[in-house]
Amino acid sequence: MSRRDEEGREPGPSSSLDYIRDTEGDPRRALAIVESLNPISEGDSERCERVNFDLLNLDTGLRVSGRCDVYRCGYCGPRKTLRYQQAAASVNPARRVGLSLVPERFTHARKQLNDLAIRLRKKGYEWEWFWAIERNPEGTGYHLGAVQKGSYVPQRELERMWGGRIPYIDAVKDGRGGGATAYVTKGATHYVTKGGLGGPEGYYEHLRLNGGRGAHWSRGYFGQPVTDVVHAMRVEQFGEPEGQWVKVVRDL
Ligand SMILES: [Zn+2]
């Protein structure tokens with residue numbers, strides 16, 4: 001929490017990143033919750049309203065909502081983001097990165113972030129990242145949360161290249177990649193992983209800050225097509241998919 005607020009001073013743009021702390025997010029647990037939300041039980045109205053079908057597994061009898069799978073869908077978007085978040089964790093990011101004083105307007109922010117990555121690579125650093133922009137909890141502006149693969153960049157060097165604004169860079173501890181990655185996109189995924197706390201408004205705010213997407217990543221972050229990463233991850237978690245899925249048109 002901000003000591004500044006307790007002292008009653010006016011919050012100005014904050015370059016402090018001490019709110020970027022480790023969280024105990026467990027992506028497997030989050031996934032279990034999401035999967036448990038997916039089956040349509042009686043009286044469960046939560047489903048994708050942009051399609052008129054459900055998916056039925058003929059072998060297991062499991063019925064789940066059909067999906068449009070676009071970010072702007074309040075049902076599919078957070079789940080899509082969660083899928084990429086978990087995929088981003090599964091390729092073992094080496095570091096957590098935070099950048100302060102990110103512009104609110106997404107096009108400006110994206111340009112600064114892309115420029116930073118380009119300059120880092122020109123200096124010989126290997127820099128691939130998975131990132132999202134978030135409002136500071138104190139309402140003092142915006143920051144970037146990211147996980148990174150590639151070279152270690154000293155904090156001082158990163159600060160210089162980020163125009164003197166305060167960065168944060170720290171190693172992801174063994175086995176903590178899931179929590180670090182969950183932290184990046186929590187603005188989009190808490191809507192589904194925390195039982196809908198706060199409703200969908202936070203999710204749509206996240207989309208606004210991130211140019212309509214749940215997360216962004218550099219071309220080399222996944223090292224292969226992201227759909228292949230997602231598939232491998234699902235097979236590892238649940239085994240090869242069983243049974244035959246068919247579309248079932250919903251009763252009106
Ligand atoms: Zn949808």
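**Reading a predicted model: how its terms are earned**

Analyst: Asp115 has its place in helix α4. The model discussed here is predicted.

User: Why is Asp115 called exposed?

Analyst: Asp115 has 11 other C-beta atoms within 10 Å. The term exposed applies at 12 or fewer, so Asp115 is exposed. Along the chain, Asp115 and Trp162 are 47 residues apart, and their C-alpha atoms are separated by 9.7 Å.

User: How many helices and strands does the chain have, and what share of its residues is buried?

Analyst: There are 9 helices and 8 strands. Of the 252 residues in the chain, 35% are buried. Among contacts with a separation of 6 or more, 75% are between residues 24 or more positions apart.

User: What makes β6 and β7 the edges of their sheet?

Analyst: The open sheet has 5 strands in the order β6-β3-β5-β4-β7, with antiparallel pairing. β6 (167-171) and β7 (216-217) each have a single partner strand, so one side of each is left without a neighbour in the sheet.

User: How do you know that β4 and β7 pair?

Analyst: Pairing requires at least two bridges, and strand β4 (residues 127-135) is joined to β7 by 2 bridges; the condition is therefore met. The two strands run antiparallel, and Phe130 stands opposite Trp217 in β7. Helix α4 (residues 106-122) packs on this sheet, where it touches β4 and β5 (142-150). The direction of α4 makes about 155 degrees with that of β4. An angle over 145 counts as roughly antiparallel, so α4 and β4 are roughly antiparallel in direction.

User: Which residues touch the most other members of the largest nonpolar core, and which element gives the largest share of it?

Analyst: This core has 36 residues, and those touching the most other members are Ala88, Trp129, Phe130, Trp131, Ala146, Val147 and Val184. Two or more residues come from each of α3 (76-90), β3 (95-99), α4, β4, β5 and α6 (177-184). The largest share, 6 residues, is given by β4. Beyond its neighbours within four places in sequence, Ala146 is in contact with Val97, Trp129, Phe130, Trp131 and Val184.

User: What makes α6 largely enclosed by the rest of the structure?

Analyst: Of the 8 residues of α6, 7 are buried, so α6 is largely enclosed. The buried residues are Gly177, Gly178, Ala180, Thr181, Ala182, Tyr183 and Val184. Each of them therefore has 20 or more other C-beta atoms within 10 Å of its own.

User: Why is strand β8 described as hardly covered?

Analyst: Strand β8 (residues 245-249) has 5 residues, and the count of buried ones is 0. No residue of β8 therefore reaches the 20 C-beta atoms that the term buried requires. This strand nevertheless has a partner: 5 bridges join it to strand β1 (residues 53-57), and the two run antiparallel. Phe53 stands opposite Val249 in β8.

User: Why are α3 and α9 called roughly perpendicular?

Analyst: The axes of α3 and helix α9 (residues 226-238) cross at roughly 85 degrees and come within 9 Å. Angles of 65 to 115 degrees count as roughly perpendicular, and the two helices are therefore described in that way. Arg83, Tyr84, Gln86, Ala87 and Ser90 in α3 meet Val226, Val229, Val230 and Met233 in α9. By class, this contact has 6 nonpolar, 2 polar and 1 charged residues.

Conventions: Residues are numbered from 1 along each chain as its sequence is written. This is a predicted model: local features need pLDDT of at least 70, side-chain atom pairs count only at pLDDT 80 or more; totals for chains, interfaces and linings use all residues. Helices (H or I, at least four residues) and strands (E, at least two) are DSSP runs, numbered from the N terminus. Two residues are in contact if their C-beta atoms, placed from the backbone, lie within 7 Å. Axes are lines fitted to C-alpha atoms, for helices over the stretch in contact, and angles run from 0 to 180 degrees between N-to-C directions. A nonpolar core is a set of buried Ala, Val, Leu, Ile, Met, Phe, Trp, Tyr and Cys residues joined through C-beta atoms within 7 Å. Angles under 35 degrees count as roughly parallel, over 145 as roughly antiparallel, 65 to 115 as roughly perpendicular and the rest as oblique. Ala, Val, Leu, Ile, Met, Phe, Trp, Tyr, Cys and Pro count as nonpolar, Asp, Glu, Lys and Arg as charged, and the others, Gly among them, as polar.
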